[in-house]
Amino acid sequence: MREYYEELKKYGKVKFKESLTKNTTFKVGGIAHFFIEVTEEEKLISLLNFLNSEDIPYFVLGGGSNVLFSDEGFEGVVIKLQTSELKLREDNEIVVAAGVLLNKVVNFALQNKLSGMEWGTGIPGTVGGAVRGNAGAMGKENANCLVKVKIWRDGEVFELDKTECGFGYRESIFKNNKDVILSAVYKLTPGDEKSIKEIMQTNLKQRTGRFPNLPSAGSFFKNIEVNKWSGKKEDLPEIFWERGKIPVGWLVEQVGMKGFTIGGAKISDEHGNFIINFSNAKQADILSLVETIKEKVYNKFGIELEPEVKIIN
């Protein structure tokens, strides 16, 4: 594949044999054969068309916060999105490139006294990742204020209305197909700057202190819909029924696994849904820990856990 180096240079900054460990928040992964940073949408589209025509495997990486790479690395091209368009247009709509960090969008909305993105305060990752996984917090989610998504699909570029994106709890069609998200449009509402800032500060305070500082991919599993609870209603805290979700962190705590370790991977002492890399963890350590968590929770509650994190083998 080395013969493709000169061609790839047309589309962005190319690195050969780049470590994936330093490009993900989990700090796990081997070597990417090629690693290319792309800053322009048109060059991204051209790159995708080239890779598609040559049948070269590729992976699109945003902030690296919700992915677990193999220790064997990636035999293809890892595309690091660095697209940066972020602008306000009429009717309080914000157009955002997929490579923009979600926190930057939250602060941009605040600067323009627009409400609707406060839920994203403190969430790592990019807009592309937030759309793909329908990211959310504090009872809100990406789909609440999204209007449309611009995508690349099999050599074509077009827009999808939000109703065509199959959004659900931490779900979208993009998690199950090969579409590449190029940009998104959010429709926000005018608000009071002070009130918006207060909500952001409250949200950030709730996140700070609960989450460990060691490398992780954030919440590893999707929280559980309360209708999947087969036990007694009174055995669940009332707030879970109110919110409609059972936190996986609570389930992990109930099976006594907080602090449990395998190799260099550990379930956080602060949050049961965080797996942390505390000592040069390998992907195998983390996956073994994942399977142990799933088994323990299923044996006690009959609940099947589903990862939020994308696992690349």
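**Exercise 1. The cavity**

Which residues line the largest cavity? Identify them in this predicted model, and describe the origin and the chemical character of the lining.

*Solution.*
Step 1. A search of the whole structure yields one cavity of 30 Å³ or more. The volume of the largest cavity is about 30 Å³.
Step 2. Its lining consists of Val106, Ala109, Leu110, Leu114, Ser115, Gly116, Met117, Glu118, Ile196 and Met200.
Step 3. At least two lining residues are supplied by each of helix 3 (102-111), strand 8 (114-115) and helix 5 (193-207). Helix 3 provides the largest share, namely three residues.
Step 4. Sorted by character, the lining residues comprise seven nonpolar, two polar and one charged.

**Exercise 2. The sheet of five strands**

Determine the order of the strands in the open sheet of five strands, and state which strands stand at the edges.

*Solution.*
Step 1. A general principle is helpful here. Strands of a sheet are joined by backbone hydrogen bonds, in either a parallel or an antiparallel manner.
Step 2. In this open sheet the order of the five strands is 6-7-13-11-12, and their pairing is antiparallel.
Step 3. Strand 6 (86-89) and strand 12 are the edge strands; each has a single partner strand, and therefore one side of each lacks a neighbour in the sheet.
Step 4. On average, neighbouring strands of this sheet are turned by 20° against each other, direction ignored.
Step 5. Helix 3, which also contributes to the lining of the largest cavity, lies across strand 6 and strand 7 (93-97) and runs at about 35° to strand 6.

**Exercise 3. Strand 11 and its partners**

Which residues stand opposite Lys148 in strand 12 and in strand 13?

*Solution.*
Step 1. Strand 11 (residues 146-153) pairs with strand 12 (residues 156-161) in the antiparallel sense, over six bridges. In strand 12, the residue opposite Lys148 is Asp161.
Step 2. Strand 11 also pairs with strand 13 (residues 180-187), again in the antiparallel sense and over six bridges. In strand 13, the residue opposite Lys148 is Val185.
Step 3. Strand 11 and strand 12 form a hairpin with two residues between the strands, where Asp154 adopts a positive phi near 50°.

**Exercise 4. Two aspartates with positive phi**

Where are Asp55 and Asp91 located, and are they buried or exposed?

*Solution.*
Step 1. Asp55 lies in the loop between helix 2 (41-54) and strand 3 (58-61). Although Asp55 is not a glycine, its phi is positive, at about 60°.
Step 2. The cut-off for an exposed residue is over 50% relative accessible area. Asp55 has 69% relative accessibility, so Asp55 counts as exposed.
Step 3. Asp91 lies in the loop between strand 6 and strand 7. Its phi, near 65°, is likewise positive in a residue other than glycine.
Step 4. With 52% relative accessibility, Asp91 counts as exposed.

**Exercise 5. The sheet of four strands**

Describe the order and the pairing of the open sheet of four strands, and name the helix that packs on it.

*Solution.*
Step 1. The order of this open sheet is 1-2-5-3, and its pairing is mixed.
Step 2. Strand 1 (13-19) and strand 3 are its edge strands, each pairing on one side only.
Step 3. Neighbouring strands of this sheet are turned by 25° against each other on average, direction ignored.
Step 4. Helix 2 packs on the sheet and touches strand 2, strand 3 and strand 5 (74-81); the direction of helix 2 makes about 165° with that of strand 5.
Step 5. Strand 1 and strand 2 (residues 31-38) pair in the antiparallel sense over six bridges. Within this pair, Glu18 stands opposite Ala32 in strand 2.

**Exercise 6. Glu37 and Leu68**

Are Glu37 and Leu68 buried or exposed, and which residues do they touch?

*Solution.*
Step 1. The cut-off for a buried residue is under 20% relative accessible area.
Step 2. Glu37 is in strand 2. Its relative accessibility is 19%, so Glu37 counts as buried.
Step 3. Leaving aside residues up to four places away in sequence, Glu37 touches Gly12, Lys13, Lys15, Lys80 and Gln82.
Step 4. Leu68 is in strand 4 (residues 67-68). Its relative accessibility is 0%, so Leu68 counts as buried.
Step 5. With residues up to four places away in sequence again left aside, the contacts of Leu68 are Phe26, Val28, Gln283, Ile286, Leu287, Val309, Lys310, Ile311 and Ile312.
Step 6. Leu68 and Trp229 are separated by 161 residues in sequence and by 29 Å in space, C-alpha to C-alpha.

Technical notes. Residues are numbered from 1 along each chain as its sequence is written. This is a predicted model: local features need pLDDT of at least 70, side-chain atom pairs count only at pLDDT 80 or more; totals for chains, interfaces and linings use all residues. Side-chain values use heavy atoms; hydrogens and water are left out. On a 1 Å grid over the protein atoms alone, a cavity is a set of points where a 1.4 Å probe fits but cannot get out, and a pocket is an open set with protein on both sides within 12 Å along at least five of seven lines; lining residues have an atom within 4 Å of a point. Grid points are joined across faces, edges and corners, and a volume is the space filled by probe spheres set on the points. Ala, Val, Leu, Ile, Met, Phe, Trp, Tyr, Cys and Pro count as nonpolar, Asp, Glu, Lys and Arg as charged, and the others, Gly among them, as polar. Two strands pair if DSSP finds at least two bridges between them. Buried means under 20% relative accessible area, exposed over 50%, partly exposed in between (1.4 Å probe, protein chains only). Contact means heavy atoms within 4.5 Å. Axes are lines fitted to C-alpha atoms, for helices over the stretch in contact, and angles run from 0 to 180 degrees between N-to-C directions.
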